[in-house]
Amino acid sequence: MTLTVRQIRTLNRICWTISLLVVAIPFVFPFLWMISSGFKSATEIFGQPSLIPRVWRWQNFVEVFEYQPFARQYFNSLYIALAVTALTLVFSSLAGYALARMRFAGAGLLMLFLISALMVPEEVTIIPNFFLIRWMGLMDTHSPLILLPVFGPHGVMATFLMRQYFLALPKELEEAGKMDGLSRLGIWWRIALPMSRPALAAVAIITFLFSWNLFLEPLVFLSSLELFTLPLALSNFTDAYGLPLWHLQLAATSLAVVPILGVYLIAQRQIIESFALSGVKG
Amino acid sequence: MAVPATDKNSARFLRVPRLALKHREAVEAWLFVSPILTGFLIFFLGPLIAVFFYSMTEWNLLTQQAAFVGMENYADALSRNPDFWHVVRNSLIFAAGLVPLNMALALTLALALSRPFFGVVFFRAVFFAPVVTSAVAWAIVWKFLLQNEAGAVNQILAVVGIDGPNWLREPDWAMAAVIVTRVIKMVGLNMILYIAALQTIPRDYEEAARLEGASNWQIFRMVIWPLLAPTTLIIMVITTIGSFKVFDHIYLMTGGGPENGTLVLAFYIYEQGFKFFNVGYASALAMIMFVVVMVLTIVQLMLRRKDMQ
């Protein structure tokens, strides 16, 4: 029996799809198991494994909020991420615009200076930053969780991303704006920014997720339960012996992850493109 | 120095002398960059200089004593403290495991998903999903899955007759588990970068090679792989640096254990600084990390430049 080229292609396609499905298992399974275990009782979790809980224990999702001020912690993460995103958008697009469009002495040196930041991991500066924040009297507040990401390597990366995008924009509209007597700030706000929505969206998405997922900084700077952010709160569902309370921890983790996954599934093309943009340019 | 026509035009329009205008532009530019620059100096460059000075002190927060000791902390790390070389070894094993595995998987997935077919969007979304998930959540779930007898992974292995190891309690298995789960978490990012690069390669090249009778492997080896070289280098830089920075993943999955089997550099710095309060020693470690990451970046940027010439 000989197969036609078309049949070989179809067969080939089917083999590829099956292989991809197999590879996809460790990418999907953890999410499914997390959600399902979040509905199980502490005893069922260690009993016979099954993806569908025998008894759906909705109670877990109530206890999560009783065990810690989880709603407050959720809100903390949300408002910090929004603040970091807003500030990063403003500062990175301002600086990015100047670096792309304005001619000034020291611009080259400044660029070099900022690029060096991309080489330094946050772990390197965390110790002096600890003393700085303590000296400023900002320990156990949310300020360092906003200041450090906005002005750290991530903010610099966002600045370069914006600069790159401004460079590729046509200059004509800005020239026209200048003719109409707009100030630099006016040109930036009324002409350059509206034209760079894709770059702003990319910066917003990666910055929000960066802040939302931040762990080292909250760990170092926060000590009050009601000030915790989500990642820190999630790591905190333990019993008196420091052992994890799996059913609560996984219920809480589901609550933290599922909304983000939901937004991701709706806007996945935009989100993936944002990361591609930052990965290439940063 | 040539002044661009635009400056001339606007100068005429505004009836301001050119020099003054140039001056004003510079002032405005510095104002535009000043927020990020100020913050950068305070929260980044200042600390970077500070950490260098800290690294030359013997400073323990518990005893509240600090003394200048010169290069002692570095000597401690390099020749006296056996933990340090153990940590270096772990970090290198982590990188040596993570980087090739991540890149090979990313490239394979990208090759499979770079052209449209039914389900391509679904698969891309699936492989990328862990990237947007918090590392903390990811580590918690995998720690749960990798428990000895109650863990789903071992239960599944038991079904096919394999007696799985106690993943996170045996040093070598713990390292393997941390590497693999980190690859699954991050591979989507590199996959996307590879897909973007693959899509810029004109189809004609491949068609031409096929007309000459090249096999799929030959097309990959002779046409696609060389054209991907710049992307491969960028990805290698990002992934290697990322592997030295990994902290939350280790903190939550193994806490550096068992028997320090997964104690890597970023975690060691945190432990020395914030658990044992050895500020001087931890700062010396941070400086070492800084140099390693900087050298890596520069070396690979140079490679990239050579490659492009």
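**Questions at a two-chain model**

Visitor: Which residue in β2(B) stands opposite E58(B)?
Guide: Bear in mind that this is a predicted model, where local features need pLDDT of at least 70, side-chain atom pairs count only at pLDDT 80 or more, and totals for chains, interfaces and linings use all residues. Residues are numbered from 1 along each chain as its sequence is written, while chains are lettered from A and ligands numbered from 1 in the order of writing. Facing E58(B), in β2(B), is A67(B).

Visitor: In which sense do β1(B) and β2(B) pair?
Guide: Helices (H or I, at least four residues) and strands (E, at least two) are DSSP runs, numbered from the N terminus. Strands pair if DSSP finds at least two bridges between them. Here β1(B), residues 57–60, and β2(B), residues 65–68, share four bridges, and the sense is antiparallel.

Visitor: Which residue of that hairpin takes a positive phi?
Guide: Four residues sit between the strands of the hairpin. The phi in question is near 60°, and the residue is Q64(B).

Visitor: How many residues of chain B are in contact with chain A?
Guide: Contact here asks for C-beta atoms, placed from the backbone, within 7 Å. Chain A brings 75 residues, and on the chain B side, helix α2(B), residues 18–54, gives the largest share with 18 residues. The count for chain B is 70.

Visitor: What angle do α4(A) and α7(A) make?
Guide: Axes are lines fitted to C-alpha atoms, for helices over the stretch in contact, with angles from 0 to 180 degrees between N-to-C directions. For α4(A), residues 70–101, and α7(A), residues 143–151, the axes are 9 Å apart. Residues making the contact include F91(A) of α4(A) and P149(A) of α7(A). The angle is about 35°.

Visitor: Which helix of chain A has the lowest confidence?
Guide: pLDDT is the predictor's confidence in each residue, from 0 to 100. Chain A averages 90, and α4(A) tops the chain at 96. At the bottom, with a mean of 79 over residues 268–281, is α15(A).

Visitor: Where in chain B does pLDDT stay under 50?
Guide: Chain B has a mean pLDDT of 86, and 91% of its residues reach 70 or more. For the stretch you're after, the model has seven contacts beyond four places in sequence. That stretch is residues 1–12.

Technical notes: Two residues are in contact if their C-beta atoms, placed from the backbone, lie within 7 Å.
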